[in-house]
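Student: Please take a close look with me at a single part of this structure, and then lead me on from there, step by step, in one connected answer.

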Amino acid sequence: MNFHVMTLFPGMITNAMGESITGRAIKAGHINVNAVNIRDFAGNKNNNVDDYPYGGGAGMVIQAEPVYLCYRHICENIQKRKQCQETTGISGSIYKNIEVTPGVRVIYLTPQGKTFNQELACEYATEEDLVFLCGHYEGIDERVTEEIVTDYVSIGDYVLTGGELPALVMMDAISRFVPGVLNNCISARTESFSGNLLEYPQYTRPAAWRGKEVPPILLSGNHKKLAEWYRKQSVIRTALMRPDLLEGAELTEEEKELAGKVAGYGK
Ligand code: ADE
């Protein structure tokens, strides 16, 4: 997976992605992060990329041309890599004499977009390249977003100072679905939101902590009973904490009854 990020603050992206699990995934070559500074395409000696909005109003707007040139630069790099893969016989296809890369998804982080979730993360993880466009100030000239953006995505109903944190949130969630990134390949599938159920509670040693015992089933070693217990706990937890998710979950009649009892109890 190759993440390309158009940003005014590339350090935010490389520093955060270089840590922890994503940092390890970069070192291992499972993911690649290419943060490109929009300012490098300003084309003026002060490296200014913003201007006053037409029609007046507060704040500044990022200009179309530096964003477009930044995008074209990224496309050229993607194409060069694909050409290289083609000639070395690894994979990919050759694009000739074109300025943009067809099929590459360009995600603009904006509170106006559709809300990001686990399903979208899983879908994006199947792409070879993803381009993120991080806005700042009052936004970006509409003409360039119309031209290059394929997906408008928000990470929630609140307004942040820029698109870098949302891009980081998305790259983190997407990376977890890229093969090799998580050591434990089961965890991305059994955790919260898979099958529209939340994850069951977890415990570790000691078996008794300040008088609180772990559920005895966990010490039983009976794998079939344990799997049943995990499932039941997921249903109970979802009914308690996120009953809205249950509509999209596939439940047996018995589980529906259990969820109904738990959700009813919470009201
Ligand atoms: N930019 C500012 N706020 C945002 C949000 N909530 N989601 C995505 N991009 C944003």
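Tutor: In this predicted model, Thr 22 has its place in helix H2, which covers residues 20–27. The relative accessible area of Thr 22 is 7%, and Thr 22 is therefore called buried, since that word is used for values under 20%. The side chain of Thr 22 has a polar partner, for it reaches the backbone oxygen of Glu 19 at 3.1 Å.

From there we can turn to the ligand and its surroundings. The residues around the ligand include Leu 109, Thr 110 and Pro 111, as well as Val 153, Ser 154, Ile 155 and Gly 156. Sorted by class, this shell holds eight nonpolar and four polar residues, while charged residues are absent from it.

Some of these neighbours offer backbone atoms to the ligand. A nitrogen atom of the ligand lies 3.1 Å from a backbone N or O atom of Thr 110, and a polar backbone atom of Ile 155 is 3.0 Å from a nitrogen atom of the ligand. For Gly 156, a backbone N or O atom is found 3.1 Å from a ligand nitrogen. Taken alone, the ligand would expose 260 Å², of which the protein buries 96%.

The space that the ligand takes up is the largest pocket. Two or more residues of the shell around the ligand come from each of strand E5 (105–115) and strand E7 (151–154), and E5 gives the most, with three residues.

Terms used:
Residues numbered from 1 in each chain as written. Predicted model: local features only at pLDDT ≥ 70, side-chain atom pairs only at ≥ 80, totals over all residues. Heavy atoms only, no water. Near = heavy atom within 4 Å. Polar contact = N/O pair within 3.5 Å; in protein donor to acceptor, adjacent residues only side chain to side chain. Areas by Shrake-Rupley, 256 points an atom, 1.4 Å probe, with all protein chains shown as cover. 1 Å grid on protein atoms, 1.4 Å probe; cavity = no way out; pocket = protein on both sides within 12 Å on 5 of 7 lines; lining within 4 Å. Sits in = over half its atoms within 2 Å of the grid points. Helix = DSSP H or I, 4+ residues; strand = E, 2+ residues; numbered from the N terminus. Nonpolar A, V, L, I, M, F, W, Y, C, P; charged D, E, K, R; others polar. Buried < 20%, exposed > 50% of the residue type's maximum accessible area, 1.4 Å probe, protein only.
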